[in-house]
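Open the model in a viewer and keep the selection panel at hand. The stops below say what to select and what is there.

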Amino acid sequence: MVIMTTASSHSFAPVLARIAEEIERTPGRGRPADYIPALAACDPRRFGMAVAELDGTVYGVGDWREPFSTQSITKVFTLALDLAREGDALWEHVGREPSGNPFNSLVQLEYENGIPRNPFINAGALVVTDRLQTRSSDASGELLAFLRAESGNPALDFDQDVAASESAHGDRNAALAHFMASYGNIDNPVPVLLDQYFRQCSVMASCADLALATGFLARHGIRADGDRLLSQSQAKQVNAVMLTCGTYDAAGDFAYRVGLPGKSGVGGGIIAVVPGRCTLCVWSPGLDERGNSVAGVAALDRFTTLTGLSVF
């Protein structure tokens, strides 16, 4: 069933209904992330999608109100929160180029002297979280407060079981953090950083929550309450890095198929931005071999095809 929260001059409801019907007929949905035990039991046939307009009007279909594990989607918000604090100085510690390697690769870091290729691979996200931790003393708490405010949902919270599961299986992230610390690119004690990072990735939110929370990027840096978080230039930067680096080592294919800045997470969610128009979030837990939701990418592909809304 499609639900529309308020009236609008342009209803996305028929488009979402058509997409949901097409996705329902899709045979292959991928597999949930089995290397994080707390995510392995998710049903890959689940599907939800939401579109939020600039004024907060939200349209949804399927499981669009069902909370799921946001995982790497939160990297967008910690990047924005830190960029708002320190500006261009951040880019001295993390790059802006696609990696071409798996999101948890150690190899590239050694070639590049402990400077991660971009803020959305795990090494880069650890650097951003570390820098936000230094400036806020509670990076994950800062993130959660932001998401609650922008989504209008004060019930958003961490999933302690997911955080514990990631911590118990977090040796590769620990290795990345220690390696960067050896190059002087990590400020905080590694155990503190890892605790903040795993909590950050464990946030539970729905498609509606995340579509609304991403709205500041469609509004060129303006938050839901009208305050400015990022300059127009900074919002452009975040959107650009999402387009080129937001879907692990499948960013070129995502740009080719979808044509929007996007960021995926191994919980099966993907957020996407149509600057000046709307934001989207889609969720389906079945992943392809590169960690992106199979049904999620297909749904966003259909959305831009049916509506003509794309950055190209």
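**Stop 1: helix H7 and its surroundings**

The buried residues of H7 pack against three elements: helix H2 (37–40), S4 and helix H9 (190–201). Keep in mind that this is a predicted model.

Now select H7 itself, residues 160–168, and colour Val162, Ala163, Ser165 and Glu166, which are buried. Look down the axis of H7: its buried residues fall within an arc of 160°, so they line one face of the helix. An α-helix has 3.6 residues a turn, so residues three or four places apart point the same way. Next, turn to the face of H7 that points away from its buried side, where Asp161 and Ala168 are exposed.

**Stop 2: the sheet that contains S4**

From H7, move to S4, one of the elements against which the buried residues of H7 pack. Select S4 together with S6 and S5: these 3 strands form an open sheet, in the order S4-S6-S5, with antiparallel pairing. At the edges are strand S4 (68–69) and strand S5 (157–158), each of which pairs on one side only.

Show the backbone here, as strands of a sheet pair through backbone hydrogen bonds, either parallel or antiparallel. Between S4 and strand S6 (residues 203–205), the antiparallel pairing runs over 2 bridges. To find one position, select Phe68, whose bridge partner in S6 is Ala205.

**Stop 3: helices H5 and H8**

Select helix H5 (residues 122–136) and helix H8 (residues 171–182), whose axes come within 10 Å and cross at roughly 65°. The crossing of H5 past H8 is right-handed. To see the contact, show Asn122, Ala123, Leu126 and Val127 on H5, and Asn173, Leu176, Ala177 and Met180 on H8. Coloured by class, the contact of H5 with H8 has 6 nonpolar residues, 2 polar ones and no charged ones.

**Stop 4: Ser264**

Finish at strand S7 (residues 262–264), and select Ser264 in it. Is Ser264 buried or exposed? Ser264 has a relative accessibility of 0% and therefore counts as buried.

Which residues are in contact with Ser264, leaving aside its neighbours within four places in sequence? They are Ser72, Ile73, Gly246, Thr247, Tyr248, Gly269, Ile270 and Asn292. For the last selection, draw a C-alpha to C-alpha distance between Ser264 and Asn292: they are 28 residues apart in sequence and 6.2 Å apart in space.

Note on methods:
Residues are numbered from 1 along each chain as its sequence is written. This is a predicted model: local features need pLDDT of at least 70, side-chain atom pairs count only at pLDDT 80 or more; totals for chains, interfaces and linings use all residues. Side-chain values use heavy atoms; hydrogens and water are left out. Axes are lines fitted to C-alpha atoms, for helices over the stretch in contact, and angles run from 0 to 180 degrees between N-to-C directions. Helices (H or I, at least four residues) and strands (E, at least two) are DSSP runs, numbered from the N terminus. A crossing is left-handed if the near helix is turned anticlockwise from the far one by less than a right angle, and right-handed if clockwise. Contact means heavy atoms within 4.5 Å. Ala, Val, Leu, Ile, Met, Phe, Trp, Tyr, Cys and Pro count as nonpolar, Asp, Glu, Lys and Arg as charged, and the others, Gly among them, as polar. Two strands pair if DSSP finds at least two bridges between them. Buried means under 20% relative accessible area, exposed over 50%, partly exposed in between (1.4 Å probe, protein chains only). The arc is that of the directions from the helix axis to the C-beta atoms.
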